[in-house]
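Subject: Structure handover

Hello,

Here is the structure for you to look at. My notes on it follow below.

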Amino acid sequence: MADSYSGAPAEANATADGFFDDQTLKYLGVGLSSLFALGVVLLVLYILSVQVDYGLVPTILPQFIRAYGLVLGIVVTGSVLSVTSGIFVGLARVSKTRITSGLSAAYVQFFRGTPLLFQIFVVYFGVPTLWPGTFPISNWGLPTAIISLTLNHAAYVGEAVRGGIGAVPDGQMEAARSLGMGYVQAMREVVIPQAWRNALAAVGNDQIILVKDTSLLTVIAIPELIQQFRDVNSATFDPWTPLVLVAIAYLSITIPMGRLVEYLEARSDWGGESQ
Amino acid sequence: MTADHALLEFDHVDKYFGETHVLKEVSLDIEDGEVCVVVGPSGSGKSTLLRCANRLEEIQAGEIRLDGRSISDPDADINRLRQRIGMVFQSFNLFPHKTALENITLAPRKVRGIDEETARTRAEELLEDVGLLEQGASYPNQLSGGQQQRVAIARALAMDPKVMLFDEVTSALDPELVGEVLEVMRGLADDGMTMMVVTHEMGFAREVGDRIVLMDEGRVVETGEPNSFFENPRTERGEQFLSKLL
């Protein structure tokens, strides 16, 4: 922050109340954040060295690995389905046909406007009772997980895609149409590639949230990561060993995902910053 | 085609934006090979008239015909007709995710189904014509405004249009870049391209135009040869307009 004032004249180099000049403020910021970082590092070291019971790890690792595999499976399926359907939600939203855009808007309002936990309950407890007679699917937990995560995140992806399309200048569609392209062709060749770049950061953000949202599936007894924490903790009363494993598991998915988004953004740079 | 009709005809065209009557019974014929320059104050409807010519704007009454075929008819195959009408915009509107070369080959390949090799060869010829052969692999962001506009002209020419529409194509350019774009347009005119040009560049209008059309408040108020228009405007509105230029 202080750097942004570096071109200002010297007399402007103090804040309005006169307590700190920029230089003091800068040192204060560096000092405080270093102190905070040091505290966090010490706390983590303390937890890892004193609180974590490494003897327990080999015993509980297999169940965490199984849970990790399951979460990965749910995430990959949920991502593919929610991004694909989200693109259609976004496209429907910008449609000139009132019914189409209205339905899309209502969809987004509902699935963005109610908690995911509620949606999980609707699918898990509500849907089977609507079936005339006995519900045919006996193991409804995993389908519930995929369906609710997809429905919920398609709404967010849809909003990101709508915003991405909205940020493409009208002149792009006009230029494409004036060359003789039809609406669908112009969308596919010209508008959507640019909209996708615009939406990428928001979609990536949402998909990282999807990973963390799998933790809610513990309420319908899906054997995901939080479920393993509860299992180990209730048997051993040891919170930190399973908690650390849970943290490692989530971060090992979410951090590479963040990197992937950065990579995809850099790849669609198209010759650098716009003028 | 025999000359019982002009190449581009505006026949009693009326256009409204909501309540605002922006084009009032405009009739104008542009002959094959003619360079028709449309001038007039801001808000006179000249850009709107141009945009109606490839139906980026719908008209409410009258008819617009290209080579005798209606453009404004709701049943017209507009995607087909637009291939015959090149359009160049004030804001270039190059596709930022495509290189200069890809900008030019996109429509020939996707709309015409021309194979990549042929489209590429043609695009390189066009880039050479506008003096940008070296820039084929550059993205629009890497080009100056004048270069972008020249690529935009090449992109429109790649569809082999019968008429080219220019919508204030130098208005968004830095003054020192205007010349290179006008130079390309002058070359096109010399090659016999039919052009409808909306511009504020009066020097260009006078030198390259075959005919000047003055618009004001949605009407064509005067048309004439460039020299007679600039020397001796026939209407009071024409005189007023010219006096403000000095």
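In this predicted model, strands β3 (residues 35-39) and β9 (residues 211-216) of chain B run parallel and are joined by 4 bridges. Within this pair, V37(B) sits opposite I212(B) of β9(B).

Both strands belong to an open sheet in chain B, where 6 strands follow the order β6-β7-β8-β3-β9-β10 with mixed pairing. The edges are formed by β6 (85-88) and β10 (219-224) of chain B, each of which pairs on one side only. On average, and ignoring direction, neighbouring strands of the sheet are turned by 20° against each other. As general background, strands of a sheet pair through backbone hydrogen bonds, in either a parallel or an antiparallel way.

A helix also packs on the sheet: α5 (residues 145-157) of chain B touches β6 and β7 (163-167) of chain B. The direction of α5 makes about 170° with that of β6(B).

One residue I looked at separately is T223(B), which is found in strand β10 of chain B. Is T223(B) buried or exposed? T223(B) counts as partly exposed, because it has 17 C-beta neighbours inside 10 Å, while a residue needs 20 or more to be buried and 12 or fewer to be exposed. Leaving aside residues up to four places away in sequence, T223(B) touches R211(B), I212(B) and V213(B). One of these, I212(B), is the residue that stands opposite V37(B). By contrast, E102(B) lies 39 Å from T223(B), C-alpha to C-alpha, and 121 residues away in sequence.

Regards

Key. Residues are numbered from 1 along each chain as its sequence is written. Chains are lettered from A and ligands numbered from 1 in the order in which they are written. This is a predicted model: local features need pLDDT of at least 70, side-chain atom pairs count only at pLDDT 80 or more; totals for chains, interfaces and linings use all residues. Two strands pair if DSSP finds at least two bridges between them. Helices (H or I, at least four residues) and strands (E, at least two) are DSSP runs, numbered from the N terminus. Axes are lines fitted to C-alpha atoms, for helices over the stretch in contact, and angles run from 0 to 180 degrees between N-to-C directions. Two residues are in contact if their C-beta atoms, placed from the backbone, lie within 7 Å.
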